[in-house]
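Student: I would like to learn how to read a sheet and its surroundings from a model. Could you walk me through one?

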Amino acid sequence: IAAPVSGKAVPMSQVNDPTFSQEILGKGTAVIPSEGKIVAPADGQVTMVFDTKHALSIQTDNGVELIIHVGLDFEAHVQAGDRVKKGDLLLDFDMDKIKEAGYDVITPVIVCNTPQFPKMECISGMEVKAGETAIIQL
């Protein structure tokens, strides 16, 4: 699974929300973004763009159920049912606006069906580039 956003990959334990830091929804990696663009981390289908504009989900072609959680107020460039290729622009967001509203821009990337990938490794502690660097190896 490629990085959906450029920035620094960090462990999920650094996310302030316990739903993510305690891996309640599944294992994954978080990225502290350096820009406000989210791209498809793999080929697949967009399964949901949350009405509250805080997250979207993708079913990858190799069976991974992903949630990418931005926080709030993004502009979606895709909708549920759209097919995407790794690197396609999914959404963009204004990092300064989110910070000014008092929210964290850290972006968790969660594999919701973690048990199906017992050898999964989540990468952290490095700079990643959107659409390129693998942050989750299955």
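Student: How many bridges join strand 2 to strand 10, and in which sense do they run?

Tutor: Strands of a sheet pair through backbone hydrogen bonds, either parallel or antiparallel. In this predicted model, strand 2 and strand 10 (residues 107-111) run antiparallel and are joined by five bridges. One place to look is G28, which stands opposite I110 in strand 10.

Student: What does strand 2 pair with besides that, and over how many bridges?

Tutor: Strand 2 also pairs with strand 1, in the antiparallel sense and over five bridges. There, P11 has T29 of strand 2 as its bridge partner.

Student: In what order do the strands of the open sheet come?

Tutor: Eight strands make up the open sheet, and their order is 8-4-5-6-10-2-1-12, with antiparallel pairing. Strand 8 (83-84) and strand 12 (126-128) are the edge strands, each pairing on one side only.

Student: Which strands do those two edges pair with?

Tutor: Strand 12 is joined to strand 1 (residues 7-11) by three bridges, and the two run antiparallel. You can find A9 opposite M126 there. At the other edge, strand 8 pairs with strand 4 over two bridges, again in the antiparallel sense. In that pair, G44 has V84 in strand 8 as its bridge partner.

Student: What links strand 4 to strand 5, and how many residues lie between them?

Tutor: Strand 4 and strand 5 form a hairpin, with five residues between them. In the turn, look for K53, whose phi is positive at about 55°. The strands themselves, residues 44-49 and residues 55-60, pair in the antiparallel sense over five bridges. Q45 stands opposite Q59 in strand 5.

Student: Back to strand 2, please. Is it enclosed or open to the outside?

Tutor: Count its buried residues, taking buried to mean under 20% relative accessible area. Five of the seven residues of strand 2 are buried, so this strand is largely enclosed by the rest of the structure. A30, which lies in strand 2 (residues 27-33), has a relative accessible area of 0%, so A30 counts as buried.

Student: Which residues does A30 touch beyond its sequence neighbours?

Tutor: Leaving out residues up to four places away in sequence, A30 touches K8, A9, V10, M12, V15, I106, T107 and P108. For a separation in both senses, compare A30 with M120: they are 90 residues apart in sequence and 15 Å apart in space, C-alpha to C-alpha.

Student: T107 is on that list. Is T107 buried or exposed?

Tutor: T107, whose place is in strand 10, is buried, with a relative accessible area of 0%. A polar atom of its side chain lies 3.0 Å from the backbone oxygen of V105. Apart from neighbours within four places in sequence, the contacts of T107 include T29, A30, V31 and P33, as well as I38, I68 and H69.

Student: One last feature: how many disulfides are there?

Tutor: The test is whether two cysteine sulfur atoms lie within 2.5 Å. By that rule the count is zero. For C112, the nearest cysteine sulfur is that of C122, 12 Å away, so by the 2.5 Å cut-off C112 is in no disulfide. C122 is in no disulfide either, as its nearest cysteine sulfur, that of C112, is 12 Å away.

Student: Are these cysteines buried, partly exposed or exposed?

Tutor: C112 counts as partly exposed, at 28% relative accessibility. C122 is partly exposed too, with a relative accessible area of 31%.

Methods. Residues are numbered from 1 along each chain as its sequence is written. This is a predicted model: local features need pLDDT of at least 70, side-chain atom pairs count only at pLDDT 80 or more; totals for chains, interfaces and linings use all residues. Side-chain values use heavy atoms; hydrogens and water are left out. Helices (H or I, at least four residues) and strands (E, at least two) are DSSP runs, numbered from the N terminus. Buried means under 20% relative accessible area, exposed over 50%, partly exposed in between (1.4 Å probe, protein chains only). Contact means heavy atoms within 4.5 Å. Two strands pair if DSSP finds at least two bridges between them. A polar contact is a pair of N or O atoms within 3.5 Å; within protein, one must be able to donate a hydrogen and the other to accept it, and residues adjacent in sequence count only if both atoms are side-chain atoms.
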